[in-house]
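This report goes through a single protein chain, from its overall fold to its side-chain packing. The sequence and coordinates come next.

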Amino acid sequence: MGKNLTDRQSEAHVWMMRTWDKDNMIASYEKRKSEIISQLSGIGKYDADFIPSQTGENSVESKNIEYSCLCMKIEGLVHEIAEDNIKTMTVLEHIQSVKIRNMLYDRYVNRMSWNQIGDKYHYAQRQPYNYMHKCLDEVRKYIPEEEIRKVVYEKDEQI
């Protein structure tokens with residue numbers, strides 16, 4: 001994000017992008033799931049007695065368990081993202097300007113870049129970045145202070 005953001009704009013940006021780490025984690029889990037499927041694809045069928053290692057561990061069973069765990073983690077993250085998106089949409093409903101509301105939705109819910117938003121609205125290259133400041137100023141008015149504290153400042157303390 002640009003270094004020209006005010007503190008309030010930066011707070012709004014961090015709050016609005018709070019689900020992005022969860023999206024990245026889902027992508028990582030999905031990658032691992034694909035690797036597991038690829039590793040299992042060479043095995044004709046699940047065989048509980050098949051023990052390929054010297055440790056007495058059934059690697060097929062371990063991979064199936066890991067796959068199931070990843071699915072549960074993904075399901076939990078998808079649920080958390082959905083709840084956060086509902087909060088975001090509730091905040092966005094307060095914004096009077098349809099253009100600003102839609103741009104914020106595209107940026108922080110649809111995760112479009114400002115360049116993509118500029119293309120969508122047929123703006124010149126720098127124009128969406130000018131709107132970025134307006135958008136963040138506007139949305140910050142409607143994000144509850146306790147949400148800012150919880151997401152922006154308590155997150156910093158955990159690091």
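Which pattern does the protein follow when read along the sequence? The pattern is α-α-α-α-α-α-α.

## Overall fold

The model is predicted. Its secondary structure consists of seven helices and zero strands. The protein has 159 residues, of which 33% count as buried. Among contacts with a separation of 6 or more, 70% are between residues 24 or more positions apart.

The protein exposes about 10200 Å². Carbon and sulfur atoms supply 51% of that area.

## Helix α3

Helix α3 covers residues 59-92. With 34 residues, α3 reaches 48 Å from its first C-alpha to its last, close to the 50 Å expected at 1.5 Å a residue.

The buried residues of α3 are V60, L70, I74, L77, I81, D84, N85, T88, V91 and L92. An α-helix has 3.6 residues a turn, so residues three or four places apart point the same way. The buried residues of α3 pack against four other helices: α1 (7-16), α2 (20-40), α4 (98-108) and α6 (127-140).

## N85

Is N85, a residue of helix α3, buried or exposed? N85 has a relative accessible area of 14% and is therefore buried, the cut-off being under 20%. Not counting residues up to four places away in sequence, N85 touches T19, V109 and R111.

## Nonpolar cores

The largest nonpolar core has 25 residues. Those with the most contacts inside this core are W15, M16, M103, L104, V139 and I143. The elements that give two or more residues to the core are α1, α3, α4, α5 (114-120), α6 and α7 (145-158). Helix α6 provides the largest share, five residues.

M16 is in contact with T88, L92, L104, Y108 and V139, leaving aside its neighbours within four places in sequence. Two of these partners, T88 and L92, are listed among the buried residues of α3. Apart from the largest core lies another core, of nine residues, among them Y29, I36, V60 and L70. V60 and L70 also appear in the list of buried residues of α3.

## Aromatic pairs

How many aromatic pairs does the structure hold? There are three aromatic pairs in the structure. A pair of aromatic rings is described by the distance of the centres and the angle of the planes.

For Y121 and Y123, the ring centres are 5.9 Å apart and the planes are at 15°, so this pair is stacked. The rings of Y123 and Y131 have their centres 5.3 Å apart and their planes at 10°, so this pair is stacked as well. Y121, Y123 and Y131 form one aromatic cluster. Within the cluster, Y123 is buried at a relative accessible area of 16%, and Y131 counts as buried at 15% relative accessibility.

## Charges over rings

Which ring does the charged end of K134 sit over? The charged end of K134 sits over the ring of Y131, 4.7 Å from its centre. Y131 thus has a ring stacked with that of Y123 and a charged end over its ring.

Another such arrangement involves R18, whose charged end sits over the ring of W15, 3.7 Å from its centre. W15 is also one of the residues with the most contacts inside the largest nonpolar core.

Methods: Residues are numbered from 1 along each chain as its sequence is written. This is a predicted model: local features need pLDDT of at least 70, side-chain atom pairs count only at pLDDT 80 or more; totals for chains, interfaces and linings use all residues. Side-chain values use heavy atoms; hydrogens and water are left out. Buried means under 20% relative accessible area, exposed over 50%, partly exposed in between (1.4 Å probe, protein chains only). Contact means heavy atoms within 4.5 Å. The expected span of a helix is 1.5 Å times one less than its number of residues. Rings of Phe, Tyr and Trp (its six-membered ring) pair if their centres lie within 6.5 Å; planes under 30 degrees apart count as stacked, over 60 as edge-to-face and the rest as tilted. A charge sits over a ring if NZ of Lys or CZ of Arg is within 6 Å of the ring centre and within 35 degrees of the ring normal. A nonpolar core is a set of buried Ala, Val, Leu, Ile, Met, Phe, Trp, Tyr and Cys residues joined through side-chain atoms within 4.5 Å. Accessible areas come from the Shrake-Rupley method with a 1.4 Å probe; for residues, only the protein chains shown count as cover.
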